[in-house]
Amino acid sequence: MQATYFDGKTARAHPVELSIDGDMLVIAGDGLERRHTIGAVEIPDAPGSTPRILRFVDGASCEVQDAGALAAMLAQHGIARDRVSAWERSWKLALTSLAIVVVSGALLYQFGLPFMARSAADKMPVSALDSLSFQLQRALDRTVFSPTKVSGERRQALVAAFDRLTLPEGMKGRLQLLFRNAESLGANAMALPSGAVFVTDDLVALTSDDRVLIAVIAHEAGHVDKRHGLRQIIQSSVVGVLVTWYLGDISAVGAAAPAALLKAKYSRDLEREADAYAARVLRMNGMSPSLLADALELIEKSHGRRGGSGAVSYLSTHPATDERLAWIRQAQ
Ligand SMILES: [Zn+2]
């Protein structure tokens with residue numbers, strides 16, 4: 001049957017003859033001959049509409065004036081109309097597959113990633129925690145931290161109160177209290193996976209009641225014991241590795257670890273776990289868990305005084321919802 005062939009590169013129209021040879025579509029005439037597997041030819045399923053454009057994988061196309069003759073020829077060679085619309089169906093299949101990939105990717109990100117990070121964090125030996133924390137501390141000291149300006153007397157009093165604490169099994173001797181000035185972090189505290197707990201000068205200045213600071217440290221101890229910070233770092237590294245793979249810049253990964261620790265927002269479940277741990281530590285030491293709620297409220301107020309300008313506040317990484325405060329207050 002008659003057709004007009006375009007090679008996809010030039011606008012030249014070649015008058016050709018279309019025929020079918022086995023499972024091949026043969027295009028011949030005007031000094032050319034092309035053979036395409038019918039399965040790889042896009043044959044639009046548009047009955048009644050003329051002309052029909054057949055498209056080939058190499059970008060070439062063929063215009064058929066007589067759609068009825070084409071359908072008859074295909075039918076004659078046992079190529080059912082179903083086969084003709086297969087290309088369209090394969091498109092729907094492709095879109096469905098894409099949707100499945102996107103949804104499962106999102107599910108993996110939301111549920112699978114935290115799960116994998118948790119199991120990886122739990123398996124990491126203490127020696128690895130220490131060397132990772134050493135790197136993190138160096139990075140923090142170079143960037144957001146500067147030497148503390150808190151008086152030696154106040155620091156000694158706090159360290160003494162910290163040393164007197166009775167801690168759950170395995171935490172005594174692991175936690176270490178450290179003081180740093182960090183204007184960009186405001187009243188803040190953070191724990192490294194090794195058990196080094198940093199309190200900022202602004203946090204120390206917030207209250208003269210050492211027990212309130214101890215409550216914050218006890219909460220941080222909960223994050224250390226349950227390896228929450230490590231999980232956050234692993235999670236962001238996995239994302240970092242993927243981003244790196246995409247952008248081809250490896251330096252992004254190492255550089256991202258301190259930021260992950262500073263900015264990663266703990267989930268409500270992790271906060272609850274750390275709060276429960278803090279409540280237990282405070283009760284073990286004859287103190288009220290509501291001291292932690294007091295601390296969070298003081299931090300909230302101080303953040304307000306700073307005009308909410310701090311990009312990273314303690315409450316942005318450890319969100320204090322009303323529900324959370326209420327839970328802490330009842331955990332007597
Ligand atoms: Zn927290």
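This passage walks through the two sheets, the zinc site and the empty spaces of a predicted model.

The six-stranded sheet makes a convenient starting point. This sheet is open, its strands run in the order β4-β3-β2-β1-β6-β5, and the pairing is antiparallel. At its edges lie β4 (32–37) and β5 (52–55), each of which pairs on one side only. From one strand to the next, the twist averages 30°. The edge strand β5 is joined to β6 (residues 61–64) by four bridges in the antiparallel sense, and here Arg52 stands opposite Val64 of β6. Helix α1, spanning residues 67–76, packs on this sheet and touches β2 (14–21), β3 (24–29), β5 and β6. The direction of α1 makes about 25° with that of β2.

A further open sheet has four strands, ordered β7-β8-β10-β9, and its pairing is mixed. Its edge strands are β7 (146–147) and β9 (189–191), and each pairs on one side only. Strand β7 meets β8 (residues 176–181) in the antiparallel sense over two bridges; in one of the pairs, Ser146 has Asn181 of β8 as its bridge partner. This sheet also carries a helix: α7 (residues 210–225) packs on it, in touch with β8, β9 and β10 (196–200). Between the directions of α7 and β9 the angle is about 30°. As a reminder, strands of a sheet pair through backbone hydrogen bonds, either parallel or antiparallel.

Helix α7 comes up again at the metal site, as it holds His223. The zinc ion takes its protein donors from His219 (NE2), His223 (NE2), Glu271 (OE), Glu271 (OE) and His318 (ND1), at 1.9 to 2.6 Å from the ion. Read along the chain, these donors follow the spacing H-x3-H-x47-E-x46-H. Distant parts of the chain are linked by the pair His223 and Glu271, which sit in helix α7 and helix α10 and are 48 residues apart.

Attention now turns to the empty spaces. Rolling a probe the size of a water molecule over the atoms shows where empty space is left. Across the whole structure, the search finds four cavities of 30 Å³ or more. The largest cavity has a volume of about 100 Å³. It is lined by 12 residues, of which Ala189, Met190, Leu261, Thr317 and His318 are the closest to its centre. His318 is thus found in this lining and among the zinc donors too. Two elements, β9 and α9 (251–263), give two or more residues to the cavity lining, and the largest share, three residues, comes from β9. By class, the lining of this cavity comprises eight nonpolar residues, three polar and one charged.

The largest pocket holds about 440 Å³ of space. Its lining is made up of 15 residues, and the closest to the centre are Gln110, Pro114, Gln235, Ser267 and Leu270. Helices α3 (86–123), α8 (228–247) and α10 (268–284) are the elements that give two or more residues to this lining, with α3 providing the largest share, five residues. Six charged, five nonpolar and four polar residues make up the lining of the pocket. Helix α10 therefore links two parts of this account, since it contributes to the pocket lining and also holds the zinc-binding Glu271.

Definitions and conventions. Residues numbered from 1 in each chain as written. Predicted model: local features only at pLDDT ≥ 70, side-chain atom pairs only at ≥ 80, totals over all residues. Heavy atoms only, no water. 1 Å grid on protein atoms, 1.4 Å probe; cavity = no way out; pocket = protein on both sides within 12 Å on 5 of 7 lines; lining within 4 Å. Points joined across faces, edges and corners; volume = space filled by probe spheres on them. Nonpolar A, V, L, I, M, F, W, Y, C, P; charged D, E, K, R; others polar. Pairing = 2+ DSSP bridges. Contact = heavy atoms within 4.5 Å. Axes fitted to C-alpha atoms, helices over the stretch in contact; angles between N-to-C directions. Donors = N, O, S within 2.8 Å, 3.2 Å for Na, K, Ca; no water.
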